Number of protein chains: 2
Amino acid sequence: MSSQHWLIPATEELGFKLLKGHIVRITDVEGEQVADFVAFNANDPSERLDPGVTLDTVRSKNVTPGDIIYSTRYRPVFTILSDTVGRHDLLLPACRPEMYEVLYDKKDHISCYDNLNHALAAFGIPAADQHTPFNLFMNTVVDADGSVRVERPLSRAGDYIELRAEMDLIVAVSACPCAESACNGYTCTSIAIDIR
Amino acid sequence: MSSQHWLIPATEELGFKLLKGHIVRITDVEGEQVADFVAFNANDPSERLDPGVTLDTVRSKNVTPGDIIYSTRYRPVFTILSDTVGRHDLLLPACRPEMYEVLYDKKDHISCYDNLNHALAAFGIPAADQHTPFNLFMNTVVDADGSVRVERPLSRAGDYIELRAEMDLIVAVSACPCAESACNGYTCTSIAIDIR
């Protein structure tokens, strides 16, 4: 696989295959933009990146370079090689149309859930009942009293995270289309993907 | 449905149907025992209880009486009616054989994942790729620096939580079989279920 580059326009998505040992860089092009990121074992999509298992093994909601991102089956999916931000989310599900209805009273809103399902369908992966992604650049804060808040991302223009694939993967990325909250700083922008 | 009572022996599981409006009480019989608790829409099992959506709507990892537990589709699954403990888990997945291999170097360990799949199979619900339950009595602490720790449950003998079903449900409960950590106070004991 030679190096590849894509720009995901604001509110859109991308799916791609990533072979073991290759490195993907996800860049927040303009700053304060979340990328919902999911990955499936290319040889058995019943195994996938699992934020909950990652919490259980890394024992921190704030992963850092050197940490491993795990699968549902407690196997390494990615190793974090570098990260210019240091704040991502392992707790919250992908936004979906029902979320926009319940929280913002908006019908038929474009969503990470639909974006990810669309990107994955091209690789033969059926629509999931739910996605709980590794939400890159998403700034979820848990206070001492247990309250959970989503604040503006800490990422600035050009900030990125680099992940090395530890198995052959089908990856999908959604440039989160939520302009209704601080999640993306109230404005949706693009995400760049580079593979080497 | 008349009132029903079951005792789930240590390390075992139970599945049952729960109709809308009925109330289930889950009791930690001897204290410090976690119950992994999952629920599926009885009329469409592609919709299920979702701890991530609950975090997104309730905006707290520490749910309390009056709070709603939500489904993947942002619909109410349960309302918490009463709770004598006040500490449960919405973050971590069910233990599964691979967890015991990776974290404790033990093969073929009994697990909540297998227990739940077994209980659900009797109701025609296929084995899930993963379960992320509402982990009752599980005491997961998130520190200010983001580190995640599982401590001894705060529940004492006879403590319970009561949930009112907001839709017709298939429910499965596993008396967590992990004696290797503080999760169950290093000893596995029974869980009682009462429906009225």
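This section describes the sheets, the annotated domain, the chain interface and the salt bridges of a predicted model. Local features need pLDDT of at least 70 and side-chain atom pairs count only at pLDDT 80 or more, whereas totals for chains, interfaces and linings use all residues. Residues are numbered from 1 along each chain as its sequence is written, chains are lettered from A and ligands numbered from 1 in the order in which they are written, and side-chain values use heavy atoms, with hydrogens and water left out.

Chain A holds an open sheet of six strands, ordered β1-β12-β3-β10-β6-β5. Its pairing is antiparallel. Strands are DSSP runs (E, at least two residues), as are helices (H or I, at least four), numbered from the N terminus. Two strands count as paired if DSSP finds at least two bridges between them. Strands of a sheet pair through backbone hydrogen bonds, either parallel or antiparallel. At the edges of the six-stranded sheet stand β1 (4-8) and β5 (68-70) of chain A, each paired on one side only. From one strand to the next, the twist averages 25°. Axes are lines fitted to C-alpha atoms, for helices over the stretch in contact; angles run from 0 to 180 degrees between N-to-C directions. β5(A) is joined by three bridges to the antiparallel strand β6 (residues 76-83) of chain A. Here I69(A) stands opposite F78(A).

A four-stranded open sheet of chain A has the order β2-β11-β4-β7, again with antiparallel pairing. Its edges are β2 (13-18) and β7 (134-136) of chain A; each has a single partner strand, so one side of each lacks a neighbour in the sheet. The twist averages 25° between successive strands. Helix α3 (residues 112-121) of chain A packs on this sheet. Helix α3(A) touches β2, β4 and β11 (169-175) of chain A, contact meaning heavy atoms within 4.5 Å. The direction of α3(A) makes about 145° with that of β11(A). Strand β4 (residues 35-41) of chain A runs antiparallel to β7(A), and three bridges join the two. In β7(A), N135(A) is the bridge partner of D36(A).

UniProt lists residues 8-170 of chain A as "domain: DUF1989", in an unreviewed entry. UniProt positions follow the numbering used here, feature names are shortened, and annotations may be inferred rather than shown by experiment. The end C-alpha atoms of this span lie 17 Å apart. The span is 16% helix and 31% strand.

Chains A and B contribute 32 residues each to their contact. Together they bury about 2800 Å², 59% of it on carbon and sulfur atoms. Buried area is the accessible area (1.4 Å probe) that two parts lose on being put together, summed over both. In chain B, R59(B), Y74(B) and V148(B) lose the most area to chain A, together 21% of what that side buries. At least two residues of that side come from each of α1 (51-58), α2 (97-104) and β9 (148-151) of chain B. The largest share, five residues, comes from α1(B). No salt bridges cross the interface of chain B and chain A.

A salt bridge is a side-chain nitrogen of Lys or Arg within 4 Å of a carboxyl oxygen of Asp or Glu. Over all chains, the whole structure holds 28 salt bridges. One of them pairs E32(A) with R152(A), with the closest N and O atoms 2.8 Å apart. E32(A) lies in the loop between β3 (23-28) and β4 of chain A, and R152(A) in the loop between β9 (148-151) and β10 (159-165) of chain A, so the pair ties together parts 120 residues apart in sequence.
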